[in-house]
Amino acid sequence: MVDLKGQFSSIEKEVMERIQSVISTASFIQGQEVKSFETALADLGHVDFCISCANGTDALQLSLMALDLKPGDEVLVPAFTYIAPVEAIALLQLKPVFIDVDAETFNMDTDKIEAAITDRTKAIIVVHLYGQCAHMEKVLSLASLHGLYIIEDNAQSIESEYLLSNGLSIKAGTIGDIGTTSFFPSKNLGAYGDGGAVLTKDEKWAKTIRAMANHGQEEKYIHHTIGINSRLDSIQAAILNVKLKYLTLYTATRQRAAALYDEQLKGIAELQLPFRAPYSTHVFHQYTIKVTRRNELQQYLIGKGIASMIYYPFPAHLQPAYSYLNYKKGDFPMAENLCDQVLSLPIHSESNEEDISYICQTIRAFYQHG
Ligand SMILES: *Cc1c(COP(=O)(O)O)cnc(C)c1O
């Protein structure tokens with residue numbers, strides 16, 4: 001699904017030198033590489049504060065911890081998502097309240113938000129799925145109307161831009177109150193291990209989150225709050241500093257690959273191709289199509305040497321761990337429908353025309369002859 005070896009070979013010398021330099025200075029934790037990466041990422045998002053941490057799930061948990069919510073407070077979250085945001089909510093004794101997703105974008109259906117708001121609703125976690133922003137202007141107006149915090153889970157859409165109706169654009173992850181991201185190796189900006197970060201414009205939250213990620217201490221050995229230990233290490237930061245320089249290039253390659261897929265898969269009646277929302281650019285963390293006869297297609301592709309993945313096979317509200325919330329099948333029809341029909345095709349920073357043509361021809365052949 002991703003070609004991390006291919007990508008490494010093009011930046012090997014630079015990466016190895018940077019890693020070597022971290023080792024020779026023995027500054028493994030909170031070193032200069034971490035500081036400069038945080039500054040670079042804040043600059044990329046045009047915000048003042050970036051706090052790096054151990055992974056994208058911790059970034060979500062730290063963001064929620066900073067909001068000082070009370071047990072039982074409700075947090076809205078899409079039913080069709082990677083599980084991390086739901087887990088962070090539940091671990092903090094908050095209550096996940098699911099929202100169905102939109103048939104075209106597969107992001108949170110903003111028309112369904114209002115009906116889910118109660119007087120316990122305190123925050124909303126928006127997930128910018130697959131590389132494209134959710135409809136944030138609607139989220140922003142509902143949040144301001146009802147006094148809700150907005151956390152953006154931007155693990156999949158780093159560098160994506162939201163286009164406001166006034167013509168200005170703003171980076172995904174910097175639209176709401178707090179944005180989080182992940183540097184899991186297969187993400188658009190991936191480390192060679194785990195990593196994550198939180199972005200915010202708000203100095204107070206930035207300070208709280210930094211303390212929370214460091215055992216709740218602002219001064220050494222004085223713990224004002226109950227924190228956790230969540231750090232990005234210097235070797236990962238060094239790798240990310242190198243890769244950040246190429247992110248725009250990597251994104252462009254993904255976007256070119258997506259355009260090729262669009263062109264070569266169009267007209268196949270059994271497929272729904274990725275929708276391009278007018279209010280967001282798409283960085284194609286995934287190229288995800290909706291298909292009929294998914295299992296058969298996937299098996300056929302495997303037979304032809306083509307990998308594909310299902311992100312995600314089960315909706316959050318039907319996961320066994322969350323059965324205590326008492327949701328049932330049929331509660332979120334679009335999320336359930338997508339879990340049965342989505343299929344993600346290979347797309348990455350090394351995608352090339354030849355591979356994509358082969359994949360598209362194979363899919364076409366399946367539907368013509370199958
Ligand atoms: C990858 C991912 C995360 C979690 O990131 P980790 O670094 O693996 O903890 C959270 N949310 C979404 C949407 C993701 O894709």
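The largest cavity holds about 110 Å³ of space, and I should say at once that this is a predicted model, in which three cavities of 30 Å³ or more are found. Of the 13 residues that line the largest cavity, L44, N154, I158, A172 and L199 are the closest to its centre. If we ask which elements give two or more residues to that lining, they are helix 2, residues 32–45, and strand 8, residues 178–182. Sorted by class, the lining of the largest cavity comprises five nonpolar, six polar and two charged residues.

Let me turn now to the ligand, whose space is the largest pocket. Surrounding the ligand are N55, G56, T57, Y82, A84, V127, D153, A155, Q156, S182, K187 and G195, and by class this shell divides into four nonpolar, six polar and two charged residues.

Which atoms of the ligand lie 2.6 Å from a polar side-chain atom of D153, or 2.7 Å from one of S182? For D153 the partner is a nitrogen atom of the ligand, at 2.6 Å, whereas for S182 an oxygen atom of the ligand lies 2.7 Å from an N or O atom in the side chain. Q156 also takes part, with a side-chain N or O atom 2.8 Å from an oxygen atom of the ligand. As for how much of the ligand is covered, its accessible area on its own is 380 Å², and the protein covers 93% of that.

To bring the two sites together, then, the pocket is where the ligand sits, while the largest cavity, with its 13 lining residues, offers about 110 Å³ of space.

Key. Residues numbered from 1 in each chain as written. Predicted model: local features only at pLDDT ≥ 70, side-chain atom pairs only at ≥ 80, totals over all residues. Heavy atoms only, no water. Near = heavy atom within 4 Å. Polar contact = N/O pair within 3.5 Å; in protein donor to acceptor, adjacent residues only side chain to side chain. Areas by Shrake-Rupley, 256 points an atom, 1.4 Å probe, with all protein chains shown as cover. 1 Å grid on protein atoms, 1.4 Å probe; cavity = no way out; pocket = protein on both sides within 12 Å on 5 of 7 lines; lining within 4 Å. Sits in = over half its atoms within 2 Å of the grid points. Nonpolar A, V, L, I, M, F, W, Y, C, P; charged D, E, K, R; others polar. Points joined across faces, edges and corners; volume = space filled by probe spheres on them. Helix = DSSP H or I, 4+ residues; strand = E, 2+ residues; numbered from the N terminus.
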